[in-house]
Amino acid sequence: MAAGSVGELRRQALEAIDAAMDLEAVQAARTTWLGRKGPIVDALRSIKDRPPEERRDLGLELNRLRDELEAILSEREGSLEEENLRRRLVDERVDVTLPGRPRAIGGPHPLRMAEAELVRVLRKIGFSIVEGPEVESEYLNFEALNIPEDHPAREMQDTFYLRDLPGLLLRTHTSPVQVRAMRASAPNPLRVICPGRVYRRDDDVTHSPVFHQIEGLAVGEGIGMHHLKATLYEFARQLFGADVPLRLRPSYFPFTEPSTELDVGCPFCHGQGCRVCKGSGWIEVLGSGMVHPHVLREGGYDPERFTGFAFGLGIERTAMLRYGIDDVRLLYLGDLRFLTQFQGSEA
Ligand code: DAH
């Protein structure tokens, strides 16, 4: 390379760097001009082929050019980087004063709220919670509860049997958990409630094939009907208010003797008689009674020594009474216009 052509090299390099408009192009120009395969390194390498008297000046000139280009490129890179950053700060600015997008927050279903409230009150009275399976043995669902094969009560509690699993069914009530709980505790006194899902072959405007109950059971020595009545009245007053009219009425269940039902004064008409209470002014809340000796024996307790009381209530029915819902189907429809009315009313 002739000494004069360093000037030409410089002119071309400066022109190329000038034309590089963004950081990438400037970096590419650096590789092209100052890289290991670039013309300057090339020229420096070929100095040894020059006549000795030219070598020093050519070397000086090439080194000076390399330093100059290096300085120019660094300067350009620096200012382009700065400009990029400035642009990003503008483009990507977040307006922290913009209001956020509200998220819809779900809440407990009124059935769950009613269940939680029932459980809360019953726990306060002294019951603890036990659970039983929804797939139950036919024996515990019926026979153990004094409902033999040919008993007419079976007709009222027709349910879903499991085709390949003889002897099993979907429980028609939470009462079989009475026997399970007794078998687990005998011969110690016990006081338990069992909330859960139950099934029946019912499907009309007031009955759903799946619904929910809470069972209660107290067993011990010397338990009498006064305990049953005091407990249920306390429970109903906590739930519906201290002034609610209450009555305990004789009834019949195969697994209690004697059997009773608890009614509350109709909260919809205050005893005047309406569609919901079918004109009677009273609404039945639960079935109850003194545990039948047959059931105590099935649970492993000696009925000569132990007595007990039991009760069972429907959670749907209680939710309806508590929240003034007059159609059970509303609880299953998943209609937000209905469901959101209960948000925040209680936990
Ligand atoms: N198991 C009954 C039903 O589903 C309700 C019931 C009645 C439960 C009386 C009881 C009771 O524990 O004592 O209809």
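This passage describes the helix packing, the sheet and some local backbone features of a predicted model.

A good place to begin is the N-terminal part of the chain. Helix α1 covers residues 5-19 and includes G7. With a relative accessibility of 42%, G7 counts as partly exposed. A long span separates G7 from G107: the two C-alpha atoms lie 80 Å apart in space, for a separation of 100 residues in sequence.

Helix α2 (residues 23-34) packs against helix α4 (residues 52-91), their axes coming within 9 Å and crossing at roughly 165°. Angles over 145 degrees count as roughly antiparallel, and α2 and α4 are therefore roughly antiparallel to each other. Their crossing is left-handed. On the α2 side, the contact is made by L23, V26, Q27, A29, R30, W33 and L34. The α4 side contributes R66, L69, E70, L73, S74, R76, E77, L80, E81 and N84. Sorted by class, the residues of this contact comprise 8 nonpolar, 3 polar and 6 charged.

Turning to the sheet, 7 strands form an open arrangement in the order β1-β4-β5-β9-β8-β7-β6, with mixed pairing. The edges are β1 (128-129) and β6, each of which pairs on one side only. Strand β6 (residues 246-253) pairs with β7 in the antiparallel sense over 7 bridges, and the two strands form a hairpin with 2 residues between them. Within this pairing, R249 has E261 of β7 as its bridge partner. On its other pairing, β7 joins β8 through 8 bridges, again in the antiparallel sense. Here D263 stands opposite E284 of β8, while L262 has L286 of β8 as its bridge partner. Strand β7 is mostly covered, with 8 of its 10 residues buried.

Helix α5 (110-125) lies across four strands of this sheet, β1, β4 (190-199), β5 and β9, and runs at about 165° to β4. Helix α5 also packs with α11, at an angle of about 95° and with the axes 9 Å apart. The two helices are therefore roughly perpendicular to each other. Their contact involves P110, L111, M113, A114, E115, E117 and L118 from α5, together with I315, E316, T318, A319, R322 and Y323 from α11. By class, this contact holds 8 nonpolar, 1 polar and 4 charged residues.

What surrounds the buried residues of α11? Helix α11 (residues 315-323) has 7 of its 9 residues buried, so it is largely enclosed by the rest of the structure. The buried set consists of I315, E316, T318, A319, M320, L321 and Y323. These residues pack against both helices and strands: α5 and α9 (225-240) on the one hand, and β5 (210-220), β7 (256-265), β8 (282-291) and β9 (307-314) on the other. After α11 comes G324, with a positive phi near 70°.

Strand β8 also holds M290, which counts as buried at 9% relative accessibility. Beyond its neighbours within four places in sequence, M290 is in contact with I223, G224, M225, L228, F255, T256, E257, P258, G308 and F309. The C-alpha atoms of M290 and T307 are 7.4 Å apart, and the two residues are separated by 17 positions in sequence.

Several backbone features are also worth pointing out. Most residues other than glycine have a negative phi, and most peptide bonds are trans. Two peptide bonds that depart from this pattern precede prolines. One is the cis bond from A186 to P187, with omega near 0°; P187 is found in the loop between α8 (176-185) and β4. Another cis bond runs from E257 to P258, with omega near -5°, and P258 lies in strand β7. Both of these residues, E257 and P258, appear among the contacts of M290.

The loop between β7 and β8 holds two residues with positive phi, H270 and K278. H270, placed in this loop, has a phi near 50°, a positive value in a residue other than glycine. H270 is exposed, with a relative accessible area of 66%. K278 belongs to the loop between β7 and β8 as well, and its phi is positive at about 50° although it is not a glycine. At 76% relative accessibility, K278 counts as exposed.

Note on methods: Residues are numbered from 1 along each chain as its sequence is written. This is a predicted model: local features need pLDDT of at least 70, side-chain atom pairs count only at pLDDT 80 or more; totals for chains, interfaces and linings use all residues. Side-chain values use heavy atoms; hydrogens and water are left out. Axes are lines fitted to C-alpha atoms, for helices over the stretch in contact, and angles run from 0 to 180 degrees between N-to-C directions. Angles under 35 degrees count as roughly parallel, over 145 as roughly antiparallel, 65 to 115 as roughly perpendicular and the rest as oblique. A crossing is left-handed if the near helix is turned anticlockwise from the far one by less than a right angle, and right-handed if clockwise. Contact means heavy atoms within 4.5 Å. Ala, Val, Leu, Ile, Met, Phe, Trp, Tyr, Cys and Pro count as nonpolar, Asp, Glu, Lys and Arg as charged, and the others, Gly among them, as polar. Buried means under 20% relative accessible area, exposed over 50%, partly exposed in between (1.4 Å probe, protein chains only). Two strands pair if DSSP finds at least two bridges between them.
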